Amino acid sequence: MNREGCRVFCVAIDGPAAAGKGTISRAVAAHFGFAHLDTGLLYRAVGAKMMAGHQPIAAAQTLLPEELEDPALRGPEVAQAASKVAVIAEVRAALVDFQRAFARRAGGAVLDGRDIGTVICPRAEAKLFVTASAEVRAKRRFQELAAKGLAESLEEVLMDVKARDERDMNRAEAPLRPADDAVLIDTSELGIEEAIAAALAAIEQRRLS
């Protein structure tokens, strides 16, 4: 229960880039009627502001919710900038309260990112870690970029994916790793419907326990 006596249920979904956690998170939120927050957009928004000449710490401290709606945040250059600002402890600290308040909202919430189950919501009622091989994730990202007319070779995308993994898994602050009690879902050989079904089953089990 929250302070108002309303039931809360937080689903924390973590994983590396292009593993499918965003698609799964949106489907989970829609299925259960929960609110959804793609926490990566917070860092993308800060990264975009840094690219525009702002200091990243100040950008994080002054970030507005409406800034998360910019379609340009989905671009590959912004993704790389997001990965760079995410290693800054002061940036992460500035965004923690926003995420934790969202997680405890009445009616349930789904948050996806890289440190939700380990740092942001370590007491989340359900935790998933969605992953896939770097090669599979690079192919998916390459297809997304190609569909948008963004010219990058598959080799370049694979290099970017591996570089992000390296930064995310080895950063000093909140490195990317599964929570000890997270359910692992490897989507390398799963179709999207299969992956969503696995996620829903794992969450439903936690709701009933």
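Helices (H or I, at least four residues) and strands (E, at least two) are DSSP runs, numbered from the N terminus. The model is predicted: local features need pLDDT of at least 70, side-chain atom pairs count only at pLDDT 80 or more, and totals for chains, interfaces and linings use all residues. Residues are numbered from 1 along each chain as its sequence is written, and side-chain values use heavy atoms, with hydrogens and water left out.

**Exercise 1.** Locate Q80, decide whether Q80 is buried or exposed, and list what Q80 touches.

Solution. Step 1: Q80 lies in helix α4. Step 2: buried means under 20% relative accessible area, exposed over 50%, partly exposed in between (1.4 Å probe, protein chains only). Q80 has 17% relative accessibility and therefore counts as buried. Step 3: contact means heavy atoms within 4.5 Å. Not counting residues up to four places away in sequence, Q80 touches D160, R164 and R167.

**Exercise 2.** Describe how α2 and α4 cross and which residues make the contact.

Solution. Step 1: two packed helices are described by the angle between their axes and the distance between the axes. Axes are lines fitted to C-alpha atoms, for helices over the stretch in contact, and angles run from 0 to 180 degrees between N-to-C directions. Step 2: the axes of α2 (residues 40-51) and α4 (residues 76-85) come within 7 Å and cross at roughly 100°. Step 3: angles under 35 degrees count as roughly parallel, over 145 as roughly antiparallel, 65 to 115 as roughly perpendicular and the rest as oblique. α2 is therefore roughly perpendicular to α4. Step 4: α2 contributes Y43, R44, V46, G47, A48, M50 and M51, and α4 contributes E77, V78, A79, A81, A82 and V85. Step 5: sort these residues by type, with Ala, Val, Leu, Ile, Met, Phe, Trp, Tyr, Cys and Pro as nonpolar, Asp, Glu, Lys and Arg as charged, and the others, Gly among them, as polar. The contact of α2 with α4 then divides into 10 nonpolar, 1 polar and 2 charged residues.

**Exercise 3.** Give the strand order of the sheet, its edges and the helix α9 that packs on it.

Solution. Step 1: two strands pair if DSSP finds at least two bridges between them. Step 2: 5 strands form an open sheet with parallel pairing, in the order β2-β3-β1-β4-β5. Step 3: β2 (35-38) and β5 (183-186) are the edge strands, each pairing on one side only. Step 4: with direction ignored, neighbouring strands are turned by 20° against each other on average. Step 5: α9 (residues 192-208) packs on the sheet and touches β1, β4 (126-131) and β5, its direction making about 160° with that of β4. Step 6: β1 (residues 10-14) and β3 (residues 109-113) pair over 5 bridges in the parallel sense, and C10 has A109 as its bridge partner in β3.

**Exercise 4.** Find which elements supply the largest nonpolar core, and place I13.

Solution. Step 1: a nonpolar core is a set of buried Ala, Val, Leu, Ile, Met, Phe, Trp, Tyr and Cys residues joined through side-chain atoms within 4.5 Å. Step 2: the largest has 21 residues, and I13 is one of those touching the most other members. Step 3: β1, α1, β4 and α9 each supply at least two residues of this core, and α9 gives the most, with 6.

**Exercise 5.** Identify what is notable about the phi of A18.

Solution. Step 1: most residues other than glycine have a negative phi. Step 2: A18 is not a glycine, yet has a positive phi of about 65°. Step 3: A18 is in the loop between β1 and α1 (21-32).
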